[in-house]
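Q: Please take a close look at one part of this model for a reader who has not seen it before. Start with a single residue in a loop, then describe the elements elsewhere in the chain that help to place it.

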Amino acid sequence: MQLDHQMGSNSETEKTVMMKEEEVKLDELPSALLSTIMTKLDIASICSLASTSSTFRSCYRQILSFLPNFHLLEIAPSGELLRPLLPPNPYLKTLKLDCARLDDSAIPLLVKPSLHDLCLHNCADFSGKLLSQIGIQCKDLRSLYLGSVAEKRGRSIHISDLEELLTGCSNLEALILMFDVSLFLRHNFAQVWASASENLTSLEIGYISSVTVTELLSSNLGSHLSLNPVQPSMLPNIQKLCLSVDYITDAMVGTISKVLAFLTHLDLRDAPLIEPRVTFDLTNAGLQQINQHGRLKHLSLVRRQEFLITSFRRVNDQGLLLMEEKCANMESICLGGFCRVTDTGFKTILHACSHLYKFKVTYGTQLTDLVFHDISLTSLALTHVSLRWCNLLTNNAVFSLASNKELKVLDLRDCRSLGDEALRAIGTLPGLKVLLLDGSDITDAGLSYLRPCVINTLFALSLRGCKRLTDKCITTLFADCGALELRELDLSNLPNLSDNGVLQLAKSRIPFFELRMRQCPLIGDTSIMALASMLVDEARWHGSSLRLLDLYNCGGITQLAFRWLKRPYFPRLKWLGVTGSVNRDMVDALARSRPFLHVACHGEELGADTYDLSDGLYTHDYDEVDEFEQWLLEADVDTEDEEMGDAEINEELIV
């Protein structure tokens, strides 16, 4: 028996030894297999992997020449850093890049004949040459995004650059020009667009005058009467049109609706500098012209108060009543600045659209609870609801809305009459992902209604300006909460939130991507220390997972906190908001030591417009770029520490 046991034991030992001998480390796999695996990763992950071993580094050098996709939007590399990452590659199909540190000299790196999808953000230091070279080189391009082109002083775009782009990219299907195209001369603007791809179905422009839009599309109306039968139709197949204009007018809306027969998505925004006259405004007559071809699914008409407190003063309930028959098939409606429309108009639209899933109203100054009183009796299955600056709404409206159990996004910012009873209703929504309650009258105790159901599903929560909240709101929401999906939290402008609350937040170990705590007078250095040293996940990393941290105008922050903002703390941080007057030298030294960190110290809001409520904005793809940043920089940490140390010494001398 003992011999059998000994033989069995020896057999198990031999198996264990054999298994260990058969184990193969990842970097010992064939290079061809490793290269194939690495091509499935994003560029940041590939470079991070390359920094771990010579085998991966060798594969990295090979795959850059046949990588199909190159996406790098988390940081803005310089031309010197980008050049080795973009060698000649005939297989590159998609390129997405932040060009904030690039100029015309980088055009040969970016413009590749093989590209189908090109997305270039922050091109302020480029000239119109970027457009013309894309038209010359990228003949197979299907989708193009260009942001902020030539916005830097001394840069310019000529109409011929636009013409070269539109003529050359004859297969273009989606075009987004996020800059001011009104700089082009109007007299031949329409003629240039006549050469645009017939495959173009989606067009978005950052800024254009309404007169230019009307003139551009009016040439189509004239073509039907023309003696020349071969005169090309302007933008004949556009299905999606998104424009930011000076004024939304009847003439422009009517022309768009009449000419673009296949239009399914119309998004128009304006921000008037002066109060518009009747000929430069939207009226009931203009609304009546919308959706003449009956294909419209998504409609957004928004007047922003960016420069002037204004609204669509010439539109009332009658205008929306005239739209009723044309709204039956709409799935998404966004109305901003319709201050003369009452419950009658809004309710008419809401009940006319049986397929509606997204309903958004901003500055609905006459919208009340009655709009939603009998919404449970309809067939509506709303998933996105935004009612911002609708100050007449009360808890009763939220109770009615909560009958839509499929709600995923609920934006009730600046509805100041909402209180804890609204939270009770919200707490019954099992799939809520985004909840925005800025400026409401809720309390610490009321937040308990979000547990245990809603807090487990939320991705983004904003409690900005809810003045009655204290440190207790943190324990109410997050004590013993376990693993959460919450990644974005806004606790700004809470006068009673202190370091104690942030300490409780750090103890929760929630791996936040974005944390906003601007204008909280009781937040100080202790909060930054706690966030910098928090243990997020013992199995993965020690330290903060934050990509964005906004601490602007927090009263207790001193120069001591800046020691915790330099590397290796906050390794993934890309956006930081602080008050520059705390210590300008230390702010500048921090910016120099972390060149890929965007440091804002003038009170500007950080990051993109996170809560725009456009579809797909709530699943941010944050790459793990900390090792990648280190790989790019190959920085001398001692030098950085010396700079920060000098700034600290200067501060002490001043004191």
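A: Asp-414 sits in the loop between strand 13 (409-411) and helix 16 (420-426). The model is predicted, and what follows describes that model. The relative accessibility of Asp-414 is 10%; because the cut-off for buried is under 20%, Asp-414 counts as buried. The backbone of Asp-414 has phi near 65 degrees, which is a positive value in a residue other than glycine.

The surroundings of Asp-414 can be listed. The side chain of Asp-414 makes a polar contact with the side chain of Arg-416, at 3.2 Å. Leaving aside residues up to four places away in sequence, Asp-414 touches Arg-388, Trp-389, Cys-390, Asn-391 and Asp-438. One of these, Arg-388, has a number that falls in strand 12, which covers residues 384-388.

Strand 12 leads to a set of paired strands. Strand 12 pairs with strand 11 in the parallel sense, over 5 bridges. Within this pairing, Lys-360 stands opposite Ser-386 of strand 12. Strand 11 (residues 358-362) also pairs with strand 10, again in the parallel sense and over 5 bridges. Two of the partners can be named: Leu-335 is matched with Val-361 in strand 11, and Gly-336 is matched with Thr-362 in strand 11. On to strand 9 (residues 298-303): 5 bridges join strand 9 to strand 10, and these two strands run parallel. There, the bridge partner of His-298 is Ser-332 in strand 10.

How covered are these strands? In strand 11, 5 of 5 residues are buried, so the strand is described as mostly covered. Lys-358, Lys-360 and Thr-362 lie on one side of strand 11, Phe-359 and Val-361 lie on the other, and all of them are buried. Strand 10 (residues 332-336) is likewise mostly covered, with 5 of its 5 residues buried. Ser-332, Cys-334 and Gly-336 point one way from strand 10, while Ile-333 and Leu-335 point the other way, and all are buried. In a regular strand, side chains alternate between the two faces of the sheet.

Helices connect these strands. Strand 9, helix 13 (residues 317-323) and strand 10 form a right-handed β-α-β unit. From strand 10 the chain crosses through helix 14 (residues 343-352) to strand 11, and this β-α-β crossover is right-handed too. Of the 10 residues of helix 14, 7 are buried, so the helix is largely enclosed by the rest of the structure. The buried residues of helix 14 are Asp-343, Gly-345, Phe-346, Thr-348, Ile-349, Leu-350 and Ala-352. These buried residues pack against helix 13, strand 10 and strand 11.

A second residue can be set beside Asp-414. Gln-519 lies in the loop between strand 17 (514-516) and helix 19. Its phi is near 60 degrees, also a positive value in a residue other than glycine. Asp-414 is buried, whereas Gln-519 is partly exposed, with a relative accessible area of 34%.

Helix 19 (residues 525-533) packs with helix 18 (residues 499-507) at an angle of about 5 degrees, and their axes are 8 Å apart. That angle makes helix 18 roughly parallel to helix 19. The contact involves Asp-499, Val-502, Leu-503 and Ala-506 of helix 18, and Thr-526, Ser-527, Ala-530 and Leu-531 of helix 19.

Two loops hold a proline that follows a cis peptide bond. The bond from Arg-451 to Pro-452 is cis, with omega near 5 degrees, and Pro-452 lies in the loop between strand 14 (434-436) and strand 15 (460-462). Another cis peptide bond joins Arg-567 and Pro-568, with omega about 15 degrees. Pro-568 is found in the loop between strand 18 (548-550) and strand 19 (575-577).

Technical notes
Residues numbered from 1 in each chain as written. Predicted model: local features only at pLDDT ≥ 70, side-chain atom pairs only at ≥ 80, totals over all residues. Heavy atoms only, no water. Buried < 20%, exposed > 50% of the residue type's maximum accessible area, 1.4 Å probe, protein only. Helix = DSSP H or I, 4+ residues; strand = E, 2+ residues; numbered from the N terminus. Pairing = 2+ DSSP bridges. Right-handed = clockwise from strand over helix to strand, strands pointing away. Polar contact = N/O pair within 3.5 Å; in protein donor to acceptor, adjacent residues only side chain to side chain. Contact = heavy atoms within 4.5 Å. Axes fitted to C-alpha atoms, helices over the stretch in contact; angles between N-to-C directions. Parallel < 35°, antiparallel > 145°, perpendicular 65-115°, else oblique.
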